[in-house]
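Colleague: I should be grateful for a close look at one helix of this model and at the parts of the chain around it. Please set out the reasoning in full.

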Amino acid sequence: MREGTDTLTRREDYVAPSHWIRTVDLSFDLEPAKTLVISRMQVEPNADRPGQPLRLDGEDITLTRVLVNGESVSFHFEDGQLVLDKLPAEPFQLEIRNTCAPEKNTQLSGLYTSGGGFFTQCEAQGFRRITYFPDRPDVMAVFKVTLKADAKRFPMLLSNGNLVESGPLDKGRHFAVWHDPHPKPSYLFALVAADLVCREQKIRTRSGADHTLQVYVRAGDLDKTEHAMNSLIASIAWDEARFGLKLDLERFMIVAVSDFNMGAMENKGLNIFNTKFVLASPATATDIDFGNVESVVGHEYFHNWTGNRITCRDWFQLSLKEGLTVYRDQEFSQDMAGSPSARAVKRIEDVRGLRQTQFPEDAGPMAHPVRPDSYQAIDNFYTATVYDKGAEVVRMMATLVGREGFRRGMDLYFARHDGQAVTCDDFAQAIADANPDSALATRLEAFKRWYAQAGTPRLKAAGRFDAETRSWTLTLSQHTPATPGQADKWPFVIPVAMGLLQADGTPVAGSERVLVLDSAQQSWTFDGLDAAPVASLLRGFSAPVILEWEASEADLFTLLGHDTDAFNRWEAGQRLAVARLLGAVRAGTPLMLDAAYLDAMRAVLRDAALDCAFKELVLTLPSEGYLAERLAEAGEPVDPQAIHAAREAMRAQLARALHEDWAALWEAHASTGGYRPDPVSCGRRALANLALAHLVLDAVAHGDTVWPGRALQRFKDAGNMTDRLGALSALVHGRSPLAANALERFHAMFRGEALVIDKWFALQAAAPEHDGEVFAQIRALAKHPDYSLRNPNRARSLLMTMTALNPGAFHRADGSAYAFWAEKVREIDGFNPQLASRLARALDRWRALAEPYRTLARAAIEQVAAKPELSPDTREIVTRALA
Ligand code: PHE
Ligand code: ZN
């Protein structure tokens, strides 16, 4: 297995490389069973570290020859590295020959085969699985790559940069030579040799440069590439317009592969994507898929500057590229959405994601700073914290320096560091230096605690109105709970965007501002008020904190009805729902919705000024996972079944009490005409589907057959996947007797569409649990002939869906689903440690659970830990979980 990764790597141990690799000339003789790799490197000793041996990383490859300046040399292996000493003090040529076995590479890291073709994945440490190399991001080289392979089986030969030469060879083989002029770290290397077709488009950008854009897919998938191509073109235009960053390559390629551990990869000029984030047609992809394709295409493209032109000095700086690039893709998607309310919808979705995954991570055994201090397996640190909290850190900087100030900061960052491998400090320094008088620059050292301290800060707010002075004083205080290895925390710098409303909902003129809390406690006074105002705090979710604000019900209703900040309108609605749901869970009594809440929800649904997409978000209840986290934050044991029961009861009551409104909304929005994935059409479809789900739920509960019948008809007639899946989900999740047949039809209809079959599995795995039926079905589906653990998307369709999105099915009083999970993690760990270690995180929060779940969960984790020869990846996760 892997060597060297079961020990801890520490950030403070960073030392510059002993040697620089200036150029690499790589040659591949591609054969699935045994590929020969020849690497010729121009090596230069680092003048700052003279006399050091050269250590080359390598993993699961077979060395056949080492030459220095054409002569064989002595070498030895130490801690899994190939060590060369007695090297020339002058620059020299190093030649390495080795072989690897792509078809046996089940980890999908390094060079592997998928669907009969060759693909690579090198981030973070996959290049060492291809050849011996100083596999670290601060070693940057100019790559020239020669690919040789059978011409029939592998007609497309691709690598980074520009094609210099290609042609036939003997014995039915052919070759291609690629040259990438931009020095890059090994993790950005890529090659593809496969039977693919491509959609091509030539563009001329605003600055007048010509480029060739290509999207490569399997032959049957060409009709699903238009949206990806359009998204790429939009990304290029956006980066140039918003940040002045131009495409620096003549050719930019995207390749889709169906076996991929992650979402996509930003290899220079040759992005490799999970098919899930490239392929989209109205018949096979939902609105959410279309949105994901746009944002992932954008994300990978934006890495060309934030990640590739300026890269990370070491992997502890991962958020330097990921946090910044997520921020950029979020901004891109908001700009694409256009209207202020569509932008707010995107922001709400992003925050919902952050709170659903990053907050629990920051409260559990894997809690780590945005810039971690140590790791065993770097692959375990591609986390919600590094990505999504990292993006919030960048967003706070942008808030503190303003939009133009942030642009100035980015300009300075590129002026200073283009072509370098740098740190998070370098980035923050550039933003601050470009804005010397800003709230960021004056507090930079304190602000950077966001990189260093883990845990979600609790922000407490208290208001006091003084009738005599007609003033209102807001006191903000902060506290961050202990996280592993960090008992005490310094105060964070927290930008709190806010405004005040009068009791009737009208804004208090001039009350909008961004408060900057930079100590444990601070107060601000607002004058000239006739009565206590309604405070709208943390507008737009201006900081990744938990706001503890005991707003009155009346205030929340006012905010829901009137706040000018759409995020806080939504948030007020969520708070009202949380109060009711957790009230019932805590009291152990059945949930009974009150007229005030129902009236407010009805008013939202009937408000002609609100967008459909926004209504759908307000009427979607907080997830069971989010509710569990709220209890855990309060130190109360989490009973997932009690939460599930309360939430199901609330859905049923909303279905019943708002029946007329759901029906009216369905009538108004069920038909959206020809398919277009624009925010307005997507919003209408989302709301219509939510309405249908409630109508079917209510009908099934009351023995009525009309709405299930309509849903079935809709399922059959639907002109796009969003509507079809919405109808199917209404039937399956509403437990209609018509569901089984519809599921069968759906499967038959999309037999050949792998990504749709993934949806078929996931939909069933996400069904609200009822008497153990759903878990029983999941277990049965795991034996379905179409199910496989080898393909990551397929594996996740059942397992991740159950563990992350269906607490009611996963947390069972008999522990059977935990045992099932443990068995699958152990099995997957035997061939794909990265996939296994992600799944292994499902019970991170076991300590927060009530009995009997807590004890059963612990036993299941121990079951995983007990596996002999567990990978270092999964070992790190379970060891932390049990610590
Ligand atoms: N760097 C990729 C991204 O965020 C993610 C990734 C990491 C993909 C590691 C594969 C392996 O865009
Ligand atoms: Zn990324």
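Modeller: A residue is called buried here if 20 or more other C-beta atoms lie within 10 Å of its own, the C-beta atoms being placed from the backbone. The model is predicted, and what follows is computed from it. By that criterion, helix α9 (residues 553–562) has these buried residues: Asp 555, Leu 556, Phe 557, Thr 558, Leu 559 and Leu 560. They pack against two strands, β27 (494–501) and β30 (534–537), and against two helices, α10 (566–587) and α11 (595–606).

The surroundings of α9 can be read from the domain division and the database record. Domain 3 covers 458–550 and domain 4 covers 567–707. An unreviewed UniProt entry places the feature "domain: Peptidase M1 alanyl aminopeptidase Ig-like fold" at residues 455–549. That span is 46% strand and 0% helix, and its end C-alpha atoms lie 19 Å apart. The unreviewed entry also places "domain: Peptidase M1 alanyl aminopeptidase C-terminal" at residues 554–883. Here the composition is 71% helix and 0% strand, with 44 Å between the end C-alpha atoms.

Domain 4 also has a contact with domain 2 (310–451). The C-alpha centres of domain 2 and domain 4 are 32 Å apart. To their contact, domain 2 contributes 13 residues and domain 4 contributes 12. On the domain 2 side, helix α4 (residues 340–363) gives the most, with 11 residues. That side of domain 2 consists of 8 nonpolar, 3 polar and 2 charged residues.

Another helix, α3, may be set beside this account. Helix α3 (residues 318–337) has 20 residues, which at 1.5 Å a residue should span 28 Å; the expected span is 1.5 Å times one less than the number of residues, and the end C-alpha atoms are indeed 28 Å apart, so the two values agree. Of the 20 residues of α3, 18 are buried, and the helix is thus mostly covered. Gly 338 follows α3 and has a positive phi, near 90°.

Finally, there is the ligand shell. The residues around ligand 1 include His 299, Glu 300, His 303, Glu 322 and Tyr 382, and also Gln 121, Glu 123 and Met 262. At least two residues of this shell come from β20 (264–265), and at least two from α2 (287–302). By class, the shell has 5 nonpolar, 3 polar and 4 charged residues.

How values were computed:
Residues numbered from 1 in each chain as written. Chains lettered and ligands numbered in written order. Predicted model: local features only at pLDDT ≥ 70, side-chain atom pairs only at ≥ 80, totals over all residues. Domains from an automatic or database assignment. Contact = placed C-beta atoms within 7 Å. Helix = DSSP H or I, 4+ residues; strand = E, 2+ residues; numbered from the N terminus. Nonpolar A, V, L, I, M, F, W, Y, C, P; charged D, E, K, R; others polar. Buried ≥ 20, exposed ≤ 12 C-beta atoms within 10 Å, placed from the backbone. Near = placed C-beta within 6 Å. UniProt positions renumbered as here; feature names shortened; annotations may be inferred.
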